[in-house]
Amino acid sequence: MSREEKRRLRHTYNVIGLTLLILYISILIAVVIGYAVYYSNPANQIVYGENDIPIYPFGHVAIGLCVPALAAMAVFAGYCLLAHYDPSELFRTENIRPGEIFRFSMIILFFRQVCIFADPIIDSVLDRFGLEVTGFDYDIEHSLPTYLIEIFATVVLAPIGEELVFRGVVLRCSSKISQRFGIFFSAFIFGMMHGNPYQFLLGFINGIFLALIAIRTGSLIPAMICHAVNNASGAVPLIILYFNEDMAHLVDLLMMIVFFTAGLIVTVRTFTSGDLKLPEYTMWHKARTLPILVTSWSTITVMVFYIIDFIGSIDRLEIPEQILTEVIRTVFK
């Protein structure tokens, strides 16, 4: 490999890393400013429920969920402008079939259920090391506007913004070097971006599948739809919860059973039929992927930020003093 080719490849990885870095910093700044402005009004305050768990009001939820998605759209627009890239090719429709969209959606819902089943395993592993995931130790205000803004942000805004960046930029750019590497690289980055073990697993697995269908169809539309379906499956019980808590739990259980069983059948049939195959990965690709990627300063920098967020979502397990005393007595008696 010539020095010029190495430089060109490193430039590609730096473009990816710089795009993600700008997105990370812009979200951080916008969210901090948004919270500062919102909470400057004495009427807007965080209240605390049982076990001192914070209950976030409407404004906090709106800022925390809408700003990242809108920032992703803005960063993608900036990337297209600076790279002189016409994004219309990402929205082709000639290879999109309703039947396939339904099949892909069932697969994504199956993966979601598998990852939900894996959450207790993650908890168990962390527990062995005296750790727990604390990134979700909060609740949101029990009001219809708060639930609606969360649903709108997660089902509409997030799928658009995240697919534009992670499949529209990360996958597209890295696939020019190696499609298979691009699939796993974009999925790994997508998982790490979520900043906690639960969503990393779901983001990584779904990221692989979303990349596969984006490559297969040559469009981001199916990936956006599947992404929205995945998020909507978690949002439906939320809106029912506002009206009836017992009904919400029942709907959640029924969805789990249906999506797992039906999704399993569709997933097995799809992958055994060979409809979705990973592209080849040769020694030629290998020399141009990870060995060059690790020399990209921007990609390494943004990965450090993602890792810090990931670690920050995990804390030492809080054990009541009486239980801790009994454990110590049992061990040393």
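Which residue with a positive phi follows H8? Gly-274 does, with a phi near 80°. Keep in mind that this is a predicted model.

**Stop 1: helix H8**

Select residues 245–272, which make up helix H8. Check the length of H8. At 1.5 Å a residue, its 28 residues should span 40 Å, and the end C-alpha atoms are 40 Å apart, so the two values agree.

Now zoom in on the start of H8. Show the side chain of Asn-244. One of its side-chain oxygens reaches to within 3.0 Å of the backbone nitrogen of Asp-246.

Next, colour the buried positions of H8. They are Ala-248, Val-251, Met-255, Phe-259, Gly-263, Val-266, Thr-267 and Thr-270. What covers them? Show helix H3 (98–128) and helix H7 (221–243), which are included in the cover.

**Stop 2: helix H3, two residues**

Stay with H3 and select Arg-103, which lies in this helix. Its side chain makes a polar contact with the side chain of Thr-270, at 3.2 Å. Thr-270 is one of the buried residues of H8. Leaving out residues up to four places away in sequence, Arg-103 touches Val-266, Thr-270 and Asp-275.

Move to Leu-109, also found in H3. Is Leu-109 buried or exposed? It is buried: its relative accessible area is 5%, and the cut-off for buried is under 20%. Show its partners beyond four places in sequence: Val-229, Asn-230, Ser-233 and Phe-259. Phe-259 belongs to the buried set of H8.

Draw a distance from Leu-109 to Asn-231, C-alpha to C-alpha. These two are 122 residues apart in sequence and 9.3 Å apart in space.

**Stop 3: H4 against H5**

Select helix H4 (residues 144–175) and helix H5 (residues 179–193). Two packed helices are described by the angle between their axes and the distance between the axes. Here the axes come within 8 Å and cross at roughly 145°. The crossing is right-handed.

Show the side of H4 that makes the contact: Glu-162, Phe-166, Arg-167, Val-170, Leu-171, Ser-174 and Ser-175. From H5, add Gln-179, Gly-182, Ile-183, Phe-185, Ser-186, Ile-189, Phe-190 and Met-193. Colour this H4–H5 set by type. You should get eight nonpolar, five polar and two charged residues.

**Stop 4: Met-193**

Pick Met-193, in helix H5. How accessible is it? Met-193 is partly exposed, with a relative accessible area of 24%. Setting aside residues up to four places away in sequence, Met-193 touches Glu-162, Phe-166 and Tyr-306. Glu-162 and Phe-166 are among the H4 residues in the contact with H5.

For a longer reach along the chain, select Pro-291. It is 98 residues from Met-193 in sequence, and their C-alpha atoms are separated by 22 Å.

**Stop 5: H5 against H6**

Keep H5 and add helix H6 (residues 197–217). Their axes come within 7 Å and cross at roughly 145°. H5 passes H6 in a right-handed crossing.

On H5, show Gln-179, Ile-183, Phe-184, Ser-186, Ala-187, Phe-188, Phe-190, Gly-191 and Met-192. On H6, they meet Gln-199, Phe-200, Gly-203, Phe-204, Gly-207, Ile-208, Ala-211, Leu-212 and Ile-215. How many residues of the H5–H6 contact are charged? There are no charged residues there; the set divides into 12 nonpolar and six polar.

Terms used
Residues numbered from 1 in each chain as written. Predicted model: local features only at pLDDT ≥ 70, side-chain atom pairs only at ≥ 80, totals over all residues. Heavy atoms only, no water. Axes fitted to C-alpha atoms, helices over the stretch in contact; angles between N-to-C directions. Helix = DSSP H or I, 4+ residues; strand = E, 2+ residues; numbered from the N terminus. Left-handed = near helix turned anticlockwise from the far one by under 90°. Contact = heavy atoms within 4.5 Å. Nonpolar A, V, L, I, M, F, W, Y, C, P; charged D, E, K, R; others polar. Expected span 1.5 Å × (residues − 1). Buried < 20%, exposed > 50% of the residue type's maximum accessible area, 1.4 Å probe, protein only. Polar contact = N/O pair within 3.5 Å; in protein donor to acceptor, adjacent residues only side chain to side chain.
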